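Got your viewer open? Load the model below, keep the selection box handy, and we'll go stop by stop.

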Number of protein chains: 2
Amino acid sequence: MQKRYLLAPGPTQIPPEVLLKMAEPIIHHRNPMFETVVEEVRENLKYLFGTKNEVLIFSSSGTGAMEGAVTNMLSPGDKAIVVRSGKFGERWANICKAYGVEAINIDLPWGDVLDPGVIEKALKENPGVKAVYTQATETSTGTRFPTKEIAAIVKNYPDTLMVVDGITGVGVFALPMDEWGIDILVGGSQKALMLPPGLAFAGVSDKAWEFNKNSKIPKFYFNWAKELDNLKKNQTNFTPAISLIIGLRESLKMIKEEGLENVYKRSEILANATREGAMALGLKIFSRNPSPAVTAIYAPEGIDGQAIYKTLWKKYGVTGAGGQDQLKGKIFRLATLGYADKYDVITAVAAIEFTLKDLGYKFQMGAGVAKAVDCLKDL
Amino acid sequence: MQKRYLLAPGPTQIPPEVLLKMAEPIIHHRNPMFETVVEEVRENLKYLFGTKNEVLIFSSSGTGAMEGAVTNMLSPGDKAIVVRSGKFGERWANICKAYGVEAINIDLPWGDVLDPGVIEKALKENPGVKAVYTQATETSTGTRFPTKEIAAIVKNYPDTLMVVDGITGVGVFALPMDEWGIDILVGGSQKALMLPPGLAFAGVSDKAWEFNKNSKIPKFYFNWAKELDNLKKNQTNFTPAISLIIGLRESLKMIKEEGLENVYKRSEILANATREGAMALGLKIFSRNPSPAVTAIYAPEGIDGQAIYKTLWKKYGVTGAGGQDQLKGKIFRLATLGYADKYDVITAVAAIEFTLKDLGYKFQMGAGVAKAVDCLKDL
């Protein structure tokens with residue numbers, strides 16, 4: 001018998017009540033029963049994204065909404081600032097390239113602290129930049145970026161949009177779009193929303209809708225203006241991933257019942273306990289500005305990070321994530337977002353201890369979980 | 001108490017065993033457990049599409065794969081022949097337009113028989129046409145198009161691709177790609193594959209992959225070449241709709257166990273019984289070449305087709321579909337694809353009888369179900 005524990009930064013655990021709702025007989029989407037669901041989902045997405053505007057729903061991976069945040073706003077030849085400090089920052093740059101947008105890349109070493117001043121400098125040096133593309137959390141490094149501060153800078157540039165990939169951020173920590181001046185906030189279903197992958201979201205500001213009017217990049221499946229027209233009628237432009245939207249209603253209800261402030265506090269405490277537990281074993285945290293969503297931990301000297309990730313998964317039943325690209329073998333990652341509680345963190349830290357023991361690392365068995373329990377006592 | 005019966009042309013009913021598989025705790029996609037699933041799915045999709053080539057899997061609505069069949073094959077300024085004889089033919093034309101492809105539209109009255117000779121004539125008159133875009137079934141009218149015959153014509157044009165929207169066709173009747181010379185066959189999860197919407201498919205011929213090399217329309221989320229590279233490693237380019245792929249494994253297994261020939265025969269018999277049952281009530285079938293996937297039935301003189309559709313749904317628990325666009329109010333539709341059996345057809349015909357009685361239509365009560373039962377006796 002091996003019970004399995006999913007603690008990866010997406011997909012994340014799905015509450016059984018959500019799984020069961022999605023397992024009910026499917027309903028038709030061009031139908032008042034479904035429209036009632038969409039109406040409720042629209043309201044709760046606005047609450048989650050902190051906006052009075054509609055939050056668009058796409059049947060795609062989160063990347064589909066990232067693509068749309070380029071193709072629905074810009075035109076070929078436009079310039080955009082992209083923060084590249086991990087795999088997902090690189091994705092923004094690759095999307096821009098694919099659609100003929102000139103990316104002005106701010107290359108920050110992976111895991112480093114992003115200084116908002118760098119964005120300001122780039123905006124000054126490159127007049128006419130149409131958008132700044134960033135991450136709320138760079139998932140590949142477990143790093144949180146200063147979204148509020150960057151948004152405050154971009155706000156002063158009427159011809160520039162502030163776009164945030166919040167796929168690993170929305171529902172983990174506060175990203176109030178309207179209050180901070182985020183023009184586009186992208187989300188995905190398989191993170192803090194506690195659903196399977198297959199839905200993407202985009203909150204869109206009035207300023208962004210103005211940009212949309214002049215965008216000349218071709219689009220069809222990800223046509224945001226048409227999606228908005230449909231959404232206002234509680235519909236979608238094309239047949240949506242119905243069962244995921246049924247699940248979304250449930251997960252949004254759960255988030256609303258817990259209250260966003262409590263959800264954010266929980267993630268913060270869980271991530272802190274993960275970091276403290278790891279450090280109590282003598283491990284080092286990779287990011288210099290760790291996100292509450294996911295913790296990237298350095299493999300100790302002489303031990304392969306992929307061996308840690310694989311042993312955690314294969315022998316100890318805990319699915320985390322390894323390092324990607326340049327970080328492969330150097331780090332392993334454990335998430336604390338969505339349907340995660342204190343016992344998940346204790347499980348994760350215990351599994352790290354079992355794993356490191358196996359791999360010959362010297363430490364005081366139990367020191368990690370002891371520290372984690374202490375950090376979690378008030379949750 | 002009102003039991004509900006879903007007999008719409010997508011989404012369709014989902015077998016309980018598939019629903020329950022999808023309700024199991026989710027697994028991570030960058031993981032050997034998931035790769036085993038993809039490996040099995042790849043083999044069974046090849047069987048279903050009748051091809052030795054890979055069938056690509058996208059996390060999107062079927063329209064996403066239709067878009068990709070334009071953006072991954074053609075370049076701006078290219079010419080393509082599009083058969084417009086319903087809502088989905090129009091979609092091909094709209095996708096072409098969005099991406100700067102010149103559509104040569106063959107406009108056939110909705111529901112009419114498509115003469116393959118018309119395609120041949122258009123190909124001769126328009127040298128340099130890069131693709132012919134058609135439907136296997138035009139879902140909006142319940143009409144089957146002569147895919148085999150058109151493919152045989154296009155085969156003679158080495159610079160032209162034969163592209164079929166088989167969203168309402170794959171798994172309903174034979175569309176053997178390699179044997180017939182279909183270059184791209186598009187499918188969707190929510191039809192004969194007995195799954196929720198959210199996955200799209202595309203079988204791609206060697207000829208089409210050659211076209212892909214020269215295609216200059218920009219793409220990122222629907223980049224077929226990158227998707228193929230990943231699929232060969234039992235992976236997907238971006239985080240896939242994992243739970244739907246888990247369900248897909250089950251539904252493909254069920255299709256394989258029944259055997260494609262039996263699946264096709266079942267749909268044929270069910271559709272015939274639906275048509276015969278309706279005609280026994282004095283109703284007329286809309287399409288002049290009806291598809292076994294979905295039956296479009298004329299509303300009788302003086303009765304609104306939308307009233308029939310709504311009464312069926314609201315009072316009698318049967319979800320069919322109404323007419324779309326120019327057919328709104330004129331027809332109603334009932335599907336016989338996927339997880340549909342003889343009792344579904346009898347239920348549908350009985351519900352039509354109850355509904356028409358309510359709406360004041362004169363007929364012999366029971367005549368429809370009596371005829372349907374007779375047609376179904378050998379299934």
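Here is a tour that starts with the whole assembly and ends at single residues.

**Before you click**

This is a predicted model, so bear the filters in mind: local features need pLDDT of at least 70, side-chain atom pairs count only at pLDDT 80 or more, and totals for chains, interfaces and linings use all residues. Residues are numbered from 1 along each chain as its sequence is written, while chains are lettered from A and ligands numbered from 1 in the order in which they are written.

**Stop 1: both chains**

Colour chain A and chain B separately. Chain A lands on chain B after a rotation of 180 degrees with 0.0 Å of shift along the axis, at an RMSD of 0.0 Å. That is how a two-fold axis relates two copies. The superposition is by least squares on the C-alpha atoms of residues with pLDDT of at least 70 in both.

Which residue of chain A comes closest to the rotation axis? Select A:Ser60: its C-alpha is 2.4 Å from that axis.

**Stop 2: where the chains meet**

Now show the interface. Here 40 residues of chain A are in contact with 40 residues of chain B, where contact means that the C-beta atoms, placed from the backbone, lie within 7 Å. To find chain A's side of it, highlight α1 (16-22), α3 (62-71), α4 (87-98) and α10 (242-258), each of which supplies at least two residues. Helices here are DSSP runs of H or I with at least four residues, strands are runs of E with at least two, and both are numbered from the N terminus.

Colour that side of chain A by class and you get 23 nonpolar, 14 polar and 3 charged residues. For the classes, Ala, Val, Leu, Ile, Met, Phe, Trp, Tyr, Cys and Pro are nonpolar, Asp, Glu, Lys and Arg are charged, and the others, Gly among them, are polar. The copies meet through the same surface, because 100% of chain A's interface residues are also interface residues in chain B.

**Stop 3: chain A alone**

Hide chain B. Chain A has 14 helices and 14 strands. Its radius of gyration is 21 Å, close to the 21 Å of the globule rule for 379 residues, so chain A is as compact as a globular protein of that length. The radius is taken over C-alpha atoms, and the rule is 2.2 Å times the number of residues to the power 0.38. A box around the C-alpha atoms, along the principal axes, is roughly 60 × 55 × 35 Å.

Buried residues account for 56% of the 379 in chain A. Buried means 20 or more other C-beta atoms within 10 Å of the residue's own, exposed means 12 or fewer, and partly exposed is in between, with C-beta atoms placed from the backbone.

**Stop 4: two domains**

Give 16-257 (domain 1) and 260-376 (domain 2) of chain A their own colours; such bounds come from an automatic or database domain assignment. The domain centres, over C-alpha atoms, are 28 Å apart. Where they touch, 22 residues of domain 1 are in contact with 23 residues of domain 2. Domain 1's side of that meeting has 8 nonpolar, 10 polar and 4 charged residues.

**Stop 5: helix α14**

Select residues 367-376 of chain A, where A:Gly368, A:Val369, A:Ala372, A:Cys375 and A:Leu376 are buried. Look down the axis of α14(A): the buried residues fall within an arc of 120 degrees, so they line one face of the helix. The arc is that of the directions from the helix axis to the C-beta atoms. Add α11 (260-280) and α13 (342-358) of chain A to see what the buried residues pack against.

**Stop 6: a few single residues**

Zoom in on the peptide bond between A:Gly10 and A:Pro11, which is cis with omega about 0 degrees. A:Pro11 is in the loop between β1 (5-6) and α1 of chain A. In chain B, a cis bond also joins B:Gly10 and B:Pro11.

Next, go to A:Asp325, in the loop between β13 (321-322) and β14 (331-335) of chain A. Its phi is positive, about 50 degrees, although it is not a glycine. Is A:Asp325 buried or exposed? A:Asp325 is exposed, with 10 other C-beta atoms within 10 Å.

Finally, bring chain B back and pick B:Ile104, in strand β4 (102-107). B:Ile104 counts as partly exposed, with 16 C-beta neighbours inside 10 Å. Beyond four places in sequence, its contacts include B:Lys79, B:Ile81 and B:Val129.

Terms used
Contact = placed C-beta atoms within 7 Å.
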